[in-house]
Amino acid sequence: MKLIKLKIAILATVGLAVSLSAGRAEPLATRNCTWCHGGTPAQGYTPAPRLAGQKYQYILKQISDFRWHRRNNPYSKLYMWAAGGHLTPQRAHHLAAYFSSLSPMPANDGDRELVARGRRMFAEGIPDANIPSCVACHGPRGQGFGEIPRIGGLAYTYLRRRLEQWAEGYDASALHPMPEVAGKMSPRMIAALASYLSFVK
Ligand code: HEC
Ligand code: HEC
């Protein structure tokens with residue numbers, strides 16, 4: 001708990017530094033992103049998600065969503081509105097190309113007992129709750145395509161929070177069908193899907 005608090009305090013300081021320097025229109029180096037998004041490189045560092053191997057077009061769309069404050073959940077607002085809001089299109093293109101070219105590693109931090117249930121839901125959806133198969137869009141390893149993100153191997157807490165926050169009304173302009181799909185999920189379904197996905201390579 002102490003460690004998490006410390007990390008958040010560090011992130012808050014970096015967020016401030018970034019927003020101050022952004023005012024002077026300094027180009028933001030990749031280093032400014034990996035400070036929060038983790039080393040080895042960019043494999044994620046709670047609460048910032050892994051960017052390594054994320055899809056180029058998806059990264060660009062998220063940067064634009066941060067810039068125009070469409071992605072408005074608390075951590076996006078606190079950290080990414082400043083860090084992503086002032087990137088020139090060229091800078092955003094370079095960063096997205098760089099991060100998408102890195103090899104992703106799985107976080108492996110979900111609940112192993114929920115993996116089997118999560119795997120089934122990922123493959124088949126939940127017909128009774130009118131939830132489609134995730135494979136249909138995200139691919140068999142959750143690897144994504146274009147504006148559909150790579151979700152295999154992202155950290156448990158990040159995945160869980162993203163799915164919960166759509167149901168809470170945040171990030172409502174995200175591409176169809178995520179806000180609707182996530183809004184129909186129970187906490188148990190979310191925990192199982194996030195656990196399974198955290199182990200996917
Ligand atoms: C001060 C810390 C911080 C810095 C610096 C930072 N980020 Fe982030 N970033 C975050 C956090 C925290 C999130 C998660 C937001 C959420 O919970 O939805 C995030 C989310 C993202 C996402 C969304 C990923 C996804 O899977 O949806 C992208 C893309 C991103 N950041 C790119 C960047 C880039 C590019 C840079 C450098 C210009 C950068 N970030 C710098 C903290 C940071
Ligand atoms: C019809 C296609 C489609 C289906 C089916 C689908 N998704 Fe998505 N998903 C998307 C798209 C497109 C996005 C990007 C939304 C945006 O930010 O604009 C996304 C984003 C996500 C994200 C955010 C990832 C990140 O890096 O922040 C998660 C988590 C996710 N989906 C999980 C799921 C799960 C779990 C299922 C199955 C229950 C599922 N999706 C079914 C298309 C789909």
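How far is an oxygen atom of ligand 1 from an N or O atom in the side chain of Arg161? The separation is 3.0 Å, which falls inside the cut-off for a polar contact (a pair of N or O atoms within 3.5 Å; within protein, one must be able to donate a hydrogen and the other to accept it, and residues adjacent in sequence count only if both atoms are side-chain atoms). The model is predicted, with local features needing pLDDT of at least 70 and side-chain atom pairs pLDDT 80 or more, while totals for chains, interfaces and linings use all residues. Residues are numbered from 1 along each chain as its sequence is written, chains are lettered from A and ligands numbered from 1 in the order in which they are written, and side-chain values use heavy atoms, leaving out hydrogens and water.

Two further side chains make polar contacts with ligand 1. For His37, a side-chain N or O atom sits 2.8 Å from a nitrogen atom of the ligand; for Ser76, the partner is an oxygen atom of ligand 1, at 3.2 Å.

His37 also turns up at the metal. Together with Met80 (SD), His37 (NE2) coordinates the iron atom of ligand 1 at 2.0 to 2.2 Å; donors here are N, O and S atoms within 2.8 Å of the metal (3.2 Å for Na, K and Ca), and with water not among the atoms, sites may look incomplete. This pair ties together distant parts of the chain, His37 being in helix 2 and Met80 in helix 5, 43 residues apart. Because the six donor atoms around the iron subtend angles of 83 to 179°, the arrangement is octahedral (six donors, opposite ones over 155 degrees apart and all others between 65 and 115). His37 and Met80 are both buried, that is, under 20% relative accessible area with a 1.4 Å probe, protein chains only.

As for the rest of the shell, 25 residues surround ligand 1, with Cys33, Cys36, His37, Tyr58 and Met80 coming nearest (a residue counts if one of its heavy atoms lies within 4 Å). Helix 5 (74–85) supplies at least two of them, as do helix 1 (2–23), helix 2 (30–37), helix 4 (56–67) and helix 9. The largest share, five residues, comes from helix 5.

Zooming out, the chain has eleven helices and zero strands, helices being DSSP runs of H or I of at least four residues and strands E runs of at least two, numbered from the N terminus. Buried residues account for 45% of its 201 residues.

Note on methods. Four donors count as tetrahedral if all angles lie between 85 and 135 degrees; four count as square planar and six as octahedral if opposite donors are over 155 degrees apart and all others between 65 and 115; anything else is irregular. Buried means under 20% relative accessible area, exposed over 50%, partly exposed in between (1.4 Å probe, protein chains only).
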